[in-house]
Amino acid sequence: MTVTTWTTLITTADYAPGVICLAHSLILVRSRARLLCYVTTEQLRDFILTTAVTTGHKQSPTNLDIVVIPEYLYDDIFARDISRDHSQFIDAARRFLFRDGKPFIFLDSDMIVTQNIDELLDMANQDDAPEVIAVPNFRNKKKGYGDATG
């Protein structure tokens with residue numbers, strides 16, 4: 001299976017403007033991939049769409065697909081708080097993305113892409129691509145998570 005979308009996930013309305021900016025930044029750098037945004041409720045999905053319009057856009061970004069996580073998945077995955085476990089490099093919210101074993105490239109919803117990064121799609125689609133490629137979260141790295149030197 002090939003990676004054809006960028007993936008992000010938000011669980012609170014605070015990140016709605018960020019998702020819109022991320023989607024627009026991908027349009028501006030002419031990324032060939034769409035942005036798939038997972039949310040935890042229908043209300044959050046609607047809030048993102050409303051925020052896009054109220055921030056001066058006529059519609060939500062054309063490359064943005066918003067998918068509501070089924071409630072049973074939310075209850076099973078998000079109810080467990082492992083965010084304080086320093087041995088884990090990914091929080092419970094993002095773990096849900098690994099559930100199917102399908103390839104994906106995760107972008108934080110509060111980032112802006114300033115140049116085309118589509119070569120990451122090509123790298124992830126190679127037959128000999130590693131199973132997981134990750135860049136550490138800067139805040140976690142700064143706190144010493146996953147870094148023996150602290």
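**Helix 2, the nonpolar core and two loop residues**

In helix 2, the residues that are buried are Leu44, Ile48, Thr51 and Ala52. Around the axis they cover an arc of only 100 degrees, which puts them on the same side of helix 2. The model in which this is seen is a predicted one, and the description below stays with what can be computed from its atoms.

The face of helix 2 that is turned away from the buried side carries Gln43 and Thr54, which are exposed. On the buried side, the packing partners are strand 1 (5-10), helix 1 (16-28), strand 2 (34-39) and strand 3 (64-68), so a reader tracing the buried residues of helix 2 outward from the axis should look for these elements. The length of helix 2 can be checked as well: its 13 residues, 42-54, should span 18 Å at 1.5 Å a residue, and the C-alpha atoms at its ends are 18 Å apart, which agrees.

From helix 2 the path leads to the largest nonpolar core, which has 24 residues, and among these Trp6, Cys37, Ile48 and Leu64 touch the most other members. At least two residues of this core are supplied by each of strand 1, helix 1, strand 2, helix 2 and strand 3, while the largest share, six residues, comes from helix 1. Ile48 thus appears twice in this account, as a buried residue of helix 2 and as one of the core residues that touch the most other members.

Tryptophan 6 deserves a separate look. Setting aside its neighbours within four places in sequence, tryptophan 6 is in contact with residues that include Leu26, Ser31, Ala33, Arg34, Leu35 and Leu36, and also with Ile105, Leu107, Ile117, Asp118, Leu120 and Leu121.

Two loop residues complete the tour. Serine 109 lies in the loop between strand 4 (105-106) and helix 5 (119-124); with a relative accessible area of 6%, below the 20% limit, serine 109 counts as buried. When neighbours within four places in sequence are left aside, serine 109 is in contact with Thr8, Leu9, Ile10, Tyr15, Gly18, Val19 and Leu22.

Arginine 32, by contrast, is placed in the loop between helix 1 and strand 2, and because its relative accessibility is 52%, over the 50% cut-off, arginine 32 counts as exposed. Not counting residues up to four places away in sequence, arginine 32 touches Asp118, Leu121 and Asp122. Arginine 32 and asparagine 63 are 31 residues apart in sequence, and their C-alpha atoms are 9.3 Å apart in space.

Methods:
Residues are numbered from 1 along each chain as its sequence is written. This is a predicted model: local features need pLDDT of at least 70, side-chain atom pairs count only at pLDDT 80 or more; totals for chains, interfaces and linings use all residues. Side-chain values use heavy atoms; hydrogens and water are left out. Helices (H or I, at least four residues) and strands (E, at least two) are DSSP runs, numbered from the N terminus. Buried means under 20% relative accessible area, exposed over 50%, partly exposed in between (1.4 Å probe, protein chains only). Contact means heavy atoms within 4.5 Å. The expected span of a helix is 1.5 Å times one less than its number of residues. The arc is that of the directions from the helix axis to the C-beta atoms. A nonpolar core is a set of buried Ala, Val, Leu, Ile, Met, Phe, Trp, Tyr and Cys residues joined through side-chain atoms within 4.5 Å.
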